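Grab a pencil and work through these short exercises. Each one comes with a step-by-step solution, so try it yourself before reading on.

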Amino acid sequence: MARSSRRWFDSLWDEAVPVDLARLYEVIFAPYSPWEIFLRILYQLYGEEVAELEKEDKGLPLTSFQAHGVARALRLLRDGGGAIVADEVGLGK
């Protein structure tokens, strides 16, 4: 029995594909900033929900002040790396 087990193991070993574990752990343990971790958490919590809402909301018209707010937020994201959407009546949060 031990000999057939050994042959079975050896045949599996011969068919195995090498894996670079060091590279795998490099990715897993790469240093991330608190901001990157925060964004990843938000994505994990709300990513699918946001994607579904985006599908549903396609084609919804924005008022001029809503469009202005979106443009300003995008500019702040591009230039400063972040934006906060504050409460305003009719903003549609």
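The expected span of a helix is 1.5 Å times one less than its number of residues. Helices (H or I, at least four residues) and strands (E, at least two) are DSSP runs, numbered from the N terminus. This is a predicted model, where local features need pLDDT of at least 70 and side-chain atom pairs 80 or more, while totals for chains, interfaces and linings use all residues. Residues count from 1 along each chain as its sequence is written, and side-chain values rest on heavy atoms, without hydrogens or water.

**Exercise 1. Work out what span helix 1 should have, and check it against the model.**

Step 1: helix 1 covers residues 2-15, which is 14 residues, so at 1.5 Å a residue the expected span is 20 Å.
Step 2: its end C-alpha atoms sit 20 Å apart, so the two agree.

**Exercise 2. Decide whether helix 1 is packed away or in the open.**

Step 1: call a residue buried under 20% relative accessible area, exposed over 50% and partly exposed in between (1.4 Å probe, protein chains only).
Step 2: zero of the 14 residues in helix 1 are buried, so the helix lies largely in the open.
Step 3: now zoom out; just 3% of the chain's 93 residues count as buried. The chain itself runs α-α-α-α from the N terminus, with four helices and zero strands.

**Exercise 3. Classify the aromatic pairs Tyr-25 with Phe-29 and Trp-35 with Phe-38.**

Step 1: rings of Phe, Tyr and Trp (its six-membered ring) pair if their centres lie within 6.5 Å; planes under 30 degrees apart are stacked, over 60 edge-to-face, the rest tilted. That rule gives three aromatic pairs.
Step 2: Tyr-25 and Phe-29 have ring centres 6.0 Å apart and planes at 20°, so they're stacked. Tyr-25 is partly exposed at 44%, whereas Phe-29 is exposed at 64%.
Step 3: Trp-35 and Phe-38 come out tilted, at 5.7 Å centre to centre and 40° between planes. Both belong to helix 3 (residues 34-57), three residues apart, about one turn of the helix. Trp-35 is partly exposed at 45%, and Phe-38 is partly exposed at 42%.

**Exercise 4. Which helix gives the most residues to the lining of the second largest pocket?**

Step 1: a pocket is an open set of points on a 1 Å grid where a 1.4 Å probe fits, with protein on both sides within 12 Å along at least five of seven lines; lining residues have an atom within 4 Å of a point.
Step 2: the lining includes Trp-35, Phe-38, Ala-73 and Leu-77. Helix 3 and helix 4 (64-80) each give two or more residues.
Step 3: helix 3 gives the most, with four.
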